[in-house]
Amino acid sequence: MNPTTSKPVESRSLIAGYLRISWTLSGLDPAEVRLLSVLDCVGSDALDRVVAGILNKKYQRILIDLTSLDRVTTAGVEGLMKVSTEIRLRSARLALVGPSAGVVTFIENLGLTDQFDIYPTVEEAVRGIEAEL
């Protein structure tokens, strides 16, 4: 699918446990998902549902903005892995944006940094995943 093809437009948010998820679908790729506070088991389930809905709307590039994520648990990283796998199965691309040093260290300690494309800014993430499509 052409990333410039118009898609549904929406801006929404929800709270799941300690996590607040907000997302913006501008009608063109990429979709932007913002995570705030703590990504744990409850938040991971909600993130999975949000990303599935975005993929069903034919978005091919998804940015998950972690700049406001304070902490992630093991279940939270497992949730990110599940979302990443689902996105790859649909031939789409995922970029994680702006995680804190603590979140990156946690992912590194689990030995999973090679499972994610991590970028410091939204602009760099967009350029990085555009090059992959």
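How far apart should the ends of helix α2 (residues 74-89) be at 1.5 Å a residue, and what is the distance between its end C-alpha atoms? The expected span for the 16 residues of this helix is 22 Å, and the end C-alpha atoms lie 23 Å apart, so the two values agree. The model examined here is predicted.

**Helix α2 and its surroundings**

Several residues of α2 are buried: Gly76, Val77, Gly79, Leu80, Met81, Val83, Ser84 and Ile87. These buried residues pack against three strands, β3 (31-39), β4 (61-72) and β5 (93-97), and against two helices, α1 (41-56) and α3 (101-109).

The pairing with α1 can be described further. The axes of α1 and α2 approach within 8 Å and cross at roughly 15°. Because angles under 35 degrees count as roughly parallel, α1 is roughly parallel to α2. The crossing of α1 and α2 is right-handed. On the α1 side, the contact is made by Cys41, Ser44, Leu47, Asp48, Val51 and Leu55. On the α2 side, the residues making the contact are Ala75, Gly76, Gly79, Leu80, Lys82, Val83, Glu86 and Ile87. Among the buried residues of α2 are Gly76, Gly79, Leu80, Val83 and Ile87, and these five also belong to the contact with α1.

**Backbone features in the loops**

Two residues that are not glycine take a positive phi, and they are set out below.

| Residue | Phi | Location |
|---|---|---|
| Lysine 58 | about 75° | loop between α1 and β4 |
| Serine 91 | about 55° | loop between α2 and β5 |

Serine 91 comes just after α2. Lysine 58 has a relative accessible area of 47% and is therefore partly exposed, as that class lies between the buried limit of 20% and the exposed limit of 50%.

A further backbone feature occurs in the loop between β2 (19-26) and β3, where aspartate 29 is found. Proline 30 has its place in that loop as well. The peptide bond leading from aspartate 29 to proline 30 is cis, with omega near 0°.

**Aspartate 29**

Is aspartate 29 buried or exposed? Its relative accessibility is 8%, so aspartate 29 counts as buried, the cut-off being under 20%. A polar atom of the aspartate 29 side chain lies 2.8 Å from the backbone nitrogen of glutamine 60. Aspartate 29 thus combines a buried position, a side-chain approach to the backbone of glutamine 60 and a cis peptide bond to proline 30.

Terms used
Residues are numbered from 1 along each chain as its sequence is written. This is a predicted model: local features need pLDDT of at least 70, side-chain atom pairs count only at pLDDT 80 or more; totals for chains, interfaces and linings use all residues. Side-chain values use heavy atoms; hydrogens and water are left out. Helices (H or I, at least four residues) and strands (E, at least two) are DSSP runs, numbered from the N terminus. The expected span of a helix is 1.5 Å times one less than its number of residues. Buried means under 20% relative accessible area, exposed over 50%, partly exposed in between (1.4 Å probe, protein chains only). Contact means heavy atoms within 4.5 Å. A polar contact is a pair of N or O atoms within 3.5 Å; within protein, one must be able to donate a hydrogen and the other to accept it, and residues adjacent in sequence count only if both atoms are side-chain atoms. Axes are lines fitted to C-alpha atoms, for helices over the stretch in contact, and angles run from 0 to 180 degrees between N-to-C directions. Angles under 35 degrees count as roughly parallel, over 145 as roughly antiparallel, 65 to 115 as roughly perpendicular and the rest as oblique. A crossing is left-handed if the near helix is turned anticlockwise from the far one by less than a right angle, and right-handed if clockwise.
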